[in-house]
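Subject: Structure for you to look at, with notes

Dear colleague,

I am handing over the structure below, and my notes on what was found in it follow. Please read them with the coordinates open beside you.

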Amino acid sequence: MNLFFLFLLPFLFYSFVSLLKLILQRRGQSCYMLAYECFKPPEDTKLDTDSATKIVLRNRKLRLEELRFLLKTIVSSGIGENTYCPRTVLEGREECPTLKDTYEEIDEIMFDTLDNLFKKTGISPSEVDILVVNVSLFSPAPSLAARIINRYKMRENVKAFNLAGMGCSASVVAIDVVQQLFKTYKNSVGIVVSTEDLGAHWYCGTDKKMMLSNCLFRSGGCSVMLTNKASLKERAILKLKHMERTQYGADDEAYNCCIQVEDEQGYSGFRLTKSLVKSAAQALTVNLQAMAPKILPVWEMVRFFFASVKYSGMKKREMVPFFTGLVLGKNKTKKTKVNLLGGGLNFKTGIEHFCVHPGGRAVIDGVGKGFRLSEYDLEPARMALHRWGNTSAGGLWYVLGYMEAKKRLKKGDRILMISLGAGFKCNNCVWEVTRDLSDTNVWKDCIESYPPQNLSNPFKDKYNWINDEYLSFVRLDFSRMVL
C-alpha cells in the first residue's frame, strides 16, 4: 500500500502544480476596466433647432420632397436640442473641409478624454502597455495611435493598433483586441480610444439614403482604461466576463447595407439601405445563439429546451428576438421577426442591465421589443440618444455613463453591451460590476433633468408647415427665409 502511494505521489504533485498554474494563468488573463471618460464638446458647437435648420437650408439642391423627408426623419429620430456638431459644419465649410479641420476635430476628442482619464486614474502615459484607437472614417499616416504616442511621449515598446472602417461596433472590437493581448502580456495596462470624424464626411447631396447619417450622427467619443494587473484589481469598476463577435460580411446584401459611397453627383457619404433591417437581425441572431449558453443560467436553458420540444411541431425559428430597423424613404418601419423558440429565452435571468447602442429610436425600440425589455431598461439608451445623438463607436459609453450617474450599477450586476456596425457586424460583451458605482461623469451638468417629461422634437412644432399640401404647387426661395 505504501508503495502504491509512493508511485501515486508524483502524479498528485504534478496535478496540483498544473491546476495551480492554470488558476494563476486565468487570473492573469482577466480584463478589468479601471475607468472610462466620455467627451463633452464645447458649448459653442451645440446643434439646436435653428442651427440645424440653417445647415439644411444651405444645401440649395434640396427640393420640397427632400425637405419633408428630413423633417420626418429628424422628428422621429429621438434626438434632442443639446447634441453637438463639428465646427466645420456649423461654420458652413462642410463642402470644403481641410485636413487641419479634421485633425483639430479628432485631437480635441482624443486628448480631452485621455487627459481626464490619466488624471482620474493617476496612471501616467508611460505606464501604458497597449493602445488601440478606432476611428472609422479617418486613417492618416502616421496613424492616430502614433499621434497619441507622440503627444504623451509613451514608451518605445507600447503595443499600438489603429482600427479603421469598423463602424459603430468598433469600440467593442477594440476591447476584444486588448483582452486578447492580455492573454500574452501579463501585468499590463491598455487604453482604448473610440471616436469618429464627422466634419470631413458630411453629406452635401440629395440622396435620401445618404442624408440619414446627417440626421443621426453627432460629435462624441470616449477613452477607456483596462488592465490585467492583480495589484489594480481592487480599483476596477467592471470585469469583462464574455465577448462574442459576429462578422456577417460574406453576405453581399449585408456588406452593402451600410457603406461609404459617392452619389450620382459625386458627393460622398454613408448610405443606409432597407436591407439594414434584415442584416442586423441575421447578425444578432448568430451572435446570441453563440452567447446565450454562456451568459444564461442552466435552468433557463433547460426551460427553453423543454419549451422548444413542446413547439417542435411548429415551423423552426431562430432563437433571437426580432429586430426593428430604421425608417427608410416613404416606407413604414419594417419588422424582421426572428422569434425565440417556444415562448423564448428570458435574457433577464442572466443580465441586469442592457446597454443598447443609441443608433436611433427605431433601433432601440426594436431591440427592446425583441428582448422584452421595459421602458426602465431602455431609458439609458433613449436618454443618451436624446442628449448626445448617435456618436458612433462612442455611443455605448454615454449609455453606460447614464446608468452609473443614476446609481443603477451595483456590485455583482451584469451588463450586456449590444453593438451593431457596418460590415455587417454584431459585437456584444458582458461586464460584471465589481463595486457600487455612482460617478455622474459626463452627465453631471444635466442628469437631474433626465428623463425629461417630454421627448418631442421642436422641429415638428416649428416647421410642420412644410408638409402643407399647397406648397407642392409653389416654388420656395429658402435663401430669403428669416430664421
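R87 is partly exposed, its relative accessible area being 32%. Please keep in mind throughout that this is a predicted model. The partner of R87 is D44, with which it forms a salt bridge whose closest N and O atoms are 3.3 Å apart. D44, for its part, is exposed, at a relative accessible area of 54%. Because D44 belongs to the loop between β1 (32–38) and β2 (46–47) while R87 belongs to helix α4 (residues 87–90), the pair ties together parts that lie 43 residues apart in sequence.

That contact is one of the 25 salt bridges that a search of the whole structure finds, and two others also link distant parts of the chain. K294 and E244 meet through their side chains at 2.9 Å, N to O, and they connect helix α10 with strand β8 (residues 238–247) across 50 residues. Here K294 is partly exposed, with a relative accessible area of 46%, whereas E244 counts as buried at 14% relative accessibility. In the salt bridge between R414 and E352, the closest N and O atoms are 2.5 Å apart; R414 is in strand β14 (residues 414–421) and E352 in the loop between β12 (335–336) and β13, 62 residues apart. Both partners are partly exposed, R414 at 28% relative accessibility and E352 with a relative accessible area of 31%. In addition, E37, K120 and D439 are linked in a network of salt bridges.

Turning to the interior, the largest nonpolar core has 62 residues, and those with the most contacts inside it are F347, F354, F371, L416, I418 and F424. Helix α10 gives the most to this core, contributing eight residues. The contacts of F424, leaving aside residues up to four places away in sequence, include Y248, Y255, C257, L276 and A283. Another core, of 53 residues, lies apart from the largest one, and among its members are Y84, M166, L240 and M383.

Aromatic residues deserve a separate look, and the structure holds eleven aromatic pairs. F354 and F371 make a tilted pair, because their ring centres are 5.7 Å apart and their planes stand at 50°. Since F354 lies in strand β13 (residues 353–356) and F371 in the loop between α12 (361–370) and α13 (375–388), this pair ties together parts that are 17 residues apart in sequence, and both residues are buried. Elsewhere, Y84, W388, Y398, Y402, W443 and Y450 form one aromatic cluster. There are also charges over rings: R408 lies over the face of Y376 at 3.7 Å from the ring centre, and the charged end of R151 sits over the ring of Y152, 5.6 Å from its centre.

Y152 brings us to helix α6 (residues 144–152), whose buried residues are L144, A145, I148 and Y152. These residues cover an arc of only 110° around the axis, which puts them on the same side of α6. As background, an α-helix has 3.6 residues a turn, so residues three or four places apart point the same way. The buried residues of α6 pack against α5 (99–121), β4 (130–135), β5 (159–163) and β6 (189–195). After the helix comes K153, whose phi is positive, near 50°.

With best regards

How values were computed:
Residues are numbered from 1 along each chain as its sequence is written. This is a predicted model: local features need pLDDT of at least 70, side-chain atom pairs count only at pLDDT 80 or more; totals for chains, interfaces and linings use all residues. Side-chain values use heavy atoms; hydrogens and water are left out. Rings of Phe, Tyr and Trp (its six-membered ring) pair if their centres lie within 6.5 Å; planes under 30 degrees apart count as stacked, over 60 as edge-to-face and the rest as tilted. Helices (H or I, at least four residues) and strands (E, at least two) are DSSP runs, numbered from the N terminus. Buried means under 20% relative accessible area, exposed over 50%, partly exposed in between (1.4 Å probe, protein chains only). A charge sits over a ring if NZ of Lys or CZ of Arg is within 6 Å of the ring centre and within 35 degrees of the ring normal. The arc is that of the directions from the helix axis to the C-beta atoms. Contact means heavy atoms within 4.5 Å. A nonpolar core is a set of buried Ala, Val, Leu, Ile, Met, Phe, Trp, Tyr and Cys residues joined through side-chain atoms within 4.5 Å. A salt bridge is a side-chain nitrogen of Lys or Arg within 4 Å of a carboxyl oxygen of Asp or Glu.
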